[in-house]
Amino acid sequence: MNNLPVDGTPLAASPLTRAVLEIDEYAAGLGWDQPARLFALVDTARLRDEEPSLAEQLGIDDSTTASLTPVEQDEIPAGAPLDEFLATIGWPDAVAGCAMTVERLMLPPSAEDSVPEGMDEARLAKWVAEHPDRQEVRMTVAVLRDGTRESALRLREKDSTSEVLTGSELVPGLADALAATFEN
């Protein structure tokens, strides 16, 4: 017996975890080497009631059971540092939370001791990109207005729905940056 419902996404206990896994599955369907993507998370019932035409476009009807619906936002400007871009974001009250999916290179903790000292950001990025133990990872991180967080990590070398890791503190820096978009 597997742990996958009919649509292929893993079963999850919380609505936020389900939303994160839904976004991860969407991003997986687009393939790798994609730009970062930003999503508003809206209450599904409220969306159905207040924006029926948008709900219809998103395939949401009375049979939809998800309590949070991810709505992809406009493309993030190419070349814009994510922290600077996120500092410009503000959400209307109808948005319950937000999420972002982004791809990065990651090194195992064992590589930390071998990082050359005194490198600027560009040289460090080049060093990581050339490191033999680097791994490509897609991170999907979501936060709600109340501070609740969830993340999903998918390694390119284990690109399978059943291999996605989830947890609330997997990508704390990005979660903090997303949470800051609700502070104004």
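## Exercises: a sheet, a helix and a cavity

The buried residues of α1 are covered by elements that include β1, β2, β3, β4, β5 and β6. Contact here means heavy atoms within 4.5 Å. Buried means under 20% relative accessible area, with a 1.4 Å probe and protein chains only. Helices (H or I, at least four residues) and strands (E, at least two) are DSSP runs, numbered from the N terminus.

The model is predicted: local features need pLDDT of at least 70, side-chain atom pairs count only at pLDDT 80 or more, and totals for chains, interfaces and linings use all residues. Residues are numbered from 1 along each chain as its sequence is written, and side-chain values use heavy atoms, with hydrogens and water left out.

**Exercise 1.** Work out which strands stand at the edges of the sheet.

*Solution.* Start with the order. Six strands form an open sheet, β2-β1-β3-β4-β5-β6, with antiparallel pairing. Two strands pair if DSSP finds at least two bridges between them. Now take the ends. β2 (68-72) and β6 (165-167) each have a single partner strand, so one side of each is left without a neighbour in the sheet. The twist averages 20° from one strand to the next. Then check burial at β2. Four of its five residues are buried, so β2 is largely enclosed by the rest of the structure.

**Exercise 2.** Find what joins β1 to β2, and β4 to β5.

*Solution.* Take β1 and β2. Five bridges join these antiparallel strands. F39 stands opposite E72 in β2. Next, take β4 (residues 135-144) and β5 (residues 149-155). Seven bridges join them, again antiparallel. V137 stands opposite L155 in β5. Last, add the helix. α6 (residues 172-180) lies across β1 (37-43), β3 (95-106), β4 and β5, at about 35° to β4. Such angles run from 0 to 180 degrees between N-to-C directions, with axes fitted to C-alpha atoms, for helices over the stretch in contact.

**Exercise 3.** Check the span of α1 (residues 15-30), then list its buried residues.

*Solution.* The expected span is 1.5 Å times one less than the number of residues. For 16 residues that gives 22 Å; the end C-alpha atoms are 23 Å apart, which agrees. The buried residues are L16, T17, A19, V20, L21, I23, D24 and A27. Just after α1, G31 takes a positive phi of about 90°.

**Exercise 4.** Name the residues that line the largest cavity.

*Solution.* The lining consists of A27, G31, Q34, P35, R37, T101, V102, E103 and R138. β3 gives the most, with three residues.

Conventions: Buried means under 20% relative accessible area, exposed over 50%, partly exposed in between (1.4 Å probe, protein chains only). On a 1 Å grid over the protein atoms alone, a cavity is a set of points where a 1.4 Å probe fits but cannot get out, and a pocket is an open set with protein on both sides within 12 Å along at least five of seven lines; lining residues have an atom within 4 Å of a point.
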